[in-house]
Amino acid sequence: MSDELPAGVLVMGAGTIGCFIGGSLAAAGVRVALVGRPRVLGDVAEHGLTLTDLDGMRHQVLPGVLRLSNEVPAGARPALVLLTVKSGATAEAAAELGAVLPAGTPVLSLQNGISNAAVASQAAPKLNILPAMVPYNVAEIGAGAFHRGTVGRLAAKDDPALRQWVAVFERAGVPIDLHPDLLPIQWGKLLLNLNNPVNALSGLPLRDELLQRGYRRCLAVLMDEALAALDKAGIAPAQLAAVPARRLPAILRLPTPLFRLVAARMLRIDAKARSSMADDLALGRRTEIDALCGEVVRLAESNGTRAPLNAKMIELLQAWPERKTRWTPAHLLAEMRL
Ligand SMILES: NC(=O)c1ccc[n+]([C@@H]2O[C@H](COP(=O)([O-])OP(=O)(O)OC[C@H]3O[C@@H](n4cnc5c(N)ncnc54)[C@H](OP(=O)(O)O)[C@@H]3O)[C@@H](O)[C@H]2O)c1
């Protein structure tokens with residue numbers, strides 16, 4: 001079967017997203033190489049990959065099917081690269097790719113935020129780096145086991161190099177849509193991701209956090225600032241939730257019983273799912289706050305305005321290592337002067 005498919009995929013940064021999407025492609029018969037850290041690759045070498053989702057999907061990739069390495073293998077000639085490191089690691093990972101891969105190799109940046117593809121292009125100018133957006137949440141739930149806890153379709157900037165992959169991704173259960181301009185979609189996702197710092201500071205699973213109005217009010221003001229900055233910049237964020245992006249803050253501010261009714265789709269989340277920023281805080285790792293709230297602050301400043309509550313979020317995340325106490329809704333609202 002793999003003979004009919006475009007030649008291999010290389011996953012740069014085999015973590016949660018890389019193992020889930022790369023593993024899904026491998027389960028569909030694509031040759032996949034994972035470049036990652038010893039902890040993750042050791043688990044994959046021993047257990048293979050078990051991929052599940054909230055609709056009951058279950059794929060098993062046996063140990064030995066995936067090629068594993070800690071660095072980009074010399075002489076690697078993948079037909080497609082999936083760049084799946086966190087934002088802070090983008091430049092270094094792209095430079096490693098650029099040092100080994102032929103000019104023009106397509107690299108799909110499956111990362112949150114707005115600027116990762118541009119950062120990667122700067123570090124590896126000869127590669128064809130394309131922005132993409134992952135709409136769903138994936139969590140590592142055991143050794144080599146990854147679970148997709150929400151639903152959605154991948155999106156990427158249209159490019160001839162990606163078109164042959166659309167059917168392959170569809171067959172692998174990770175469907176991807178190509179768009180002439182990804183920026184509105186990236187901003188649509190970023191608006192939703194503004195919940196990540198609120199979720200991380202709450203210390204709660206996503207669903208429990210979203211069911212507390214105080215946390216939702218904090219998220220609503222972060223979105224208000226982002227929407228105002230987007231308006232000024234003339235960017236219309238894409239609708240990725242059940243309602244248009246502009247209506248989200250008002251819905252978030254509803255009393256919880258009403259919110260439950262109106263936002264049923266938004267609440268279709270596994271009971272245990274948390275934002276990966278929550279995991280980063282818990283494990284003392286660098287967070288992607290600069291790629292989220294930092295983008296809002298920079299966009300506002302580029303318009304001659306400010307986004308002080310997004311700036312406040314950055315401050316609170318950065319102060320976490322000293323504090324390490326979860327924020328109640330009341331404390332967070334007071335800190336944000338709401
Ligand atoms: N997880 C989700 O549900 C989700 C959903 C949508 C979008 N995203 C986005 O997807 C991107 C990836 O997130 P993730 O959760 O998959 O991150 P992750 O689990 O931390 O995976 C990234 C992996 O890449 C490794 N890595 C970093 N630099 C490397 C290098 N030069 N060579 C080899 N390995 C390297 C990291 O190791 P170290 O930890 O040692 O750096 C880590 O193991 C982020 O932008 C995130 O925002 C995630």
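**Exercise 1. Thr105 and its surroundings**

Which residues does Thr105 touch, leaving aside those up to four places away in sequence, and is Thr105 buried or exposed?

*Solution.* Begin with the contacts in this predicted model: once residues up to four places away in sequence are set aside, Thr105 touches Pro78, Val81, Leu127 and Asn128. Next, place the residue along the chain, where Thr105 is found in the loop that runs between α3 (90-100) and β7 (106-109). Then turn to accessibility: the relative accessibility of Thr105 is 6%, and because buried means under 20%, Thr105 counts as buried. Finally, compare sequence with space by taking Arg216, which is 111 residues from Thr105 in sequence and, C-alpha to C-alpha, 42 Å from Thr105 in space.

**Exercise 2. Arg67, from strand to pocket**

Determine where Arg67 is placed, whether Arg67 is buried or exposed, and which residues lie nearest the centre of the second largest pocket.

*Solution.* Start with the secondary structure, in which Arg67 belongs to strand β5 (residues 67-69). The relative accessible area of Arg67 is 55%, and since exposed means over 50%, Arg67 is classed as exposed. Its contacts, not counting residues up to four places away in sequence, are with Val32, Ala33, Leu34 and Pro73. A residue farther along the chain is Leu230, 163 residues from Arg67, and the C-alpha atoms of these two are separated by 42 Å.

Now move to the pocket. The second largest pocket has 15 lining residues, and those nearest its centre are Gly8, Val9, Arg31, Ala33 and Arg67. The elements that contribute two or more residues to this lining are β1 (9-12) and β2 (32-35). As to character, the lining of the second largest pocket divides into eleven nonpolar residues, one polar residue and three charged residues, while the volume of this pocket is about 250 Å³.

**Exercise 3. Polar atoms around the ligand**

How many residues surround the ligand, and which atoms of Ile17, Glu96 and Glu288 lie at short listed distances from ligand atoms?

*Solution.* First take the surroundings as a whole: 21 residues surround the ligand, and the closest are Ile17, Arg37, Asn112, Val138 and Glu288. Then consider the individual atom pairs, beginning with Ile17, which has a backbone N or O atom 2.8 Å from an oxygen atom of the ligand. For Glu288, a polar side-chain atom is placed 2.4 Å from an oxygen atom of the ligand. Glu96, by contrast, is paired with a nitrogen atom of the ligand, which is 3.0 Å from an N or O atom in the Glu96 side chain.

Key. Residues numbered from 1 in each chain as written. Predicted model: local features only at pLDDT ≥ 70, side-chain atom pairs only at ≥ 80, totals over all residues. Heavy atoms only, no water. Helix = DSSP H or I, 4+ residues; strand = E, 2+ residues; numbered from the N terminus. Buried < 20%, exposed > 50% of the residue type's maximum accessible area, 1.4 Å probe, protein only. Contact = heavy atoms within 4.5 Å. 1 Å grid on protein atoms, 1.4 Å probe; cavity = no way out; pocket = protein on both sides within 12 Å on 5 of 7 lines; lining within 4 Å. Points joined across faces, edges and corners; volume = space filled by probe spheres on them. Nonpolar A, V, L, I, M, F, W, Y, C, P; charged D, E, K, R; others polar. Near = heavy atom within 4 Å. Polar contact = N/O pair within 3.5 Å; in protein donor to acceptor, adjacent residues only side chain to side chain.
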